[in-house]
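This report is meant for a reader who is meeting the structure for the first time. It begins with the chain as a whole and then turns to the packing of its helices.

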Amino acid sequence: MSVVNPNLSDMQRAVGKALRVHWRLFMAQGVIMVILGVVAIVWPVMATVAVDIYVGWLFLISGVVGFAALLAAEDLPAFLWTLLTAALSLIVGVLLLWKPAEGVVSLTVVLTAFFIAEGIFQIAASISYRDVIPDAWGWMLASGIADLILAALIITGWSHTVGWALGLIVGVNLLMSGLAAIMIAVAGQRVVKSLTAP
């Protein structure tokens with residue numbers, strides 16, 4: 001029988017329950033992220049181009065789906081908004097795929113900002129859930145700090161780093177986030193074992 005900590009909020013209890021039930025998924029996600037992260041770190045220029053092409057295809061597909069959604073627009077404002085966003089997505093997708101070198105600069109800026117936001121969120125989440133995952137919250141904290149340090153390094157050395165920075169940022173982010181997910185899965189597995197122990 002498990003003892004429920006009265007100091008935990010409903011959200012923290014929900015996170016704890018999700019970890020107990022789905023720890024295997026966290027483990028699989030973590031392992032895949034670590035592998036992809038190592039590959040991106042070893043070949044950052046190729047990873048940079050791969051990210052550019054991946055995002056380009058996402059925008060292109062989003063634009064096509066947006067144009068298909070035009071058929072469902074019943075009023076003029078919805079039609080115009082859908083037309084505008086679909087056209088913008090198509091244009092951005094085509095430009096990223098057609099001119100990947102130029103797209104890398106823009107994507108590096110956007111992803112650097114994203115990693116700053118993600119780093120802040122991971123640090124806040126790790127501190128907030130340290131009572132739920134006491135054995136793994138430090139890994140989540142380290143992942144957030146690593147994101148912020150990488151973003152700072154990219155910003156300070158911008159002119160020399162833009163060609164490979166995107167791939168390296170993505171690689172380190174995947175590696176650190178993957179390690180954090182693995183440690184969270186291990187913590188979830190420990191909870192399951194302690195609950196099922198005689």
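## The chain and its helix packing

Of the 198 residues of the chain, 37% count as buried, and the model from which this value comes is a predicted one. The chain exposes about 11700 Å², and 76% of that area is supplied by carbon and sulfur atoms. In its secondary structure the chain has six helices and zero strands, so that, read from the N terminus on, its elements run α-α-α-α-α-α. Among the contacts in the chain with a separation of 6 or more, 79% are accounted for by residues 24 or more positions apart.

Two helix pairs that share helix 4 can be set out together. Two packed helices are described by the angle between their axes and the distance between the axes.

| Helix pair | Angle between axes | Distance between axes |
|---|---|---|
| Helix 2 (residues 44–69) and helix 4 (residues 100–128) | roughly 90 degrees | within 9 Å |
| Helix 4 and helix 5 (residues 137–156) | about 155 degrees | 8 Å |

For the pair in the upper row, the axes cross at roughly 90 degrees, and that makes helix 2 roughly perpendicular to helix 4. On the side of helix 2, the residues that take part are Thr48, Val51, Asp52 and Val55, and they meet Pro100, Gly103, Val104, Leu107 and Leu111 in helix 4. Sorted by class, the residues of the contact of helix 2 with helix 4 comprise six nonpolar, two polar and one charged.

For the pair in the lower row, the angle of about 155 degrees belongs to helices that are therefore roughly antiparallel to each other, namely helix 4 and helix 5. The crossing of helix 4 and helix 5 is left-handed. Helix 4 brings to this contact residues including Thr108, Phe115, Gln122 and Ile127, while those of helix 5 include Trp137, Met140, Ser143 and Ile155. In the contact of helix 4 with helix 5 there are 14 nonpolar, seven polar and two charged residues.

One residue of helix 5 can be followed further. Is Ser143, which is found in helix 5, buried or exposed? With a relative accessibility of 0%, Ser143 counts as buried, because the cut-off for that class is under 20% relative accessible area. When neighbours within four places in sequence are left aside, Ser143 is in contact with Gln122, Met176, Ser177 and Ala180. Of these, Gln122 is also listed among the residues of helix 4 that make the contact with helix 5.

Note on methods: Residues are numbered from 1 along each chain as its sequence is written. This is a predicted model: local features need pLDDT of at least 70, side-chain atom pairs count only at pLDDT 80 or more; totals for chains, interfaces and linings use all residues. Side-chain values use heavy atoms; hydrogens and water are left out. Helices (H or I, at least four residues) and strands (E, at least two) are DSSP runs, numbered from the N terminus. Buried means under 20% relative accessible area, exposed over 50%, partly exposed in between (1.4 Å probe, protein chains only). Contact means heavy atoms within 4.5 Å. Accessible areas come from the Shrake-Rupley method with a 1.4 Å probe; for residues, only the protein chains shown count as cover. Axes are lines fitted to C-alpha atoms, for helices over the stretch in contact, and angles run from 0 to 180 degrees between N-to-C directions. Angles under 35 degrees count as roughly parallel, over 145 as roughly antiparallel, 65 to 115 as roughly perpendicular and the rest as oblique. Ala, Val, Leu, Ile, Met, Phe, Trp, Tyr, Cys and Pro count as nonpolar, Asp, Glu, Lys and Arg as charged, and the others, Gly among them, as polar. A crossing is left-handed if the near helix is turned anticlockwise from the far one by less than a right angle, and right-handed if clockwise.
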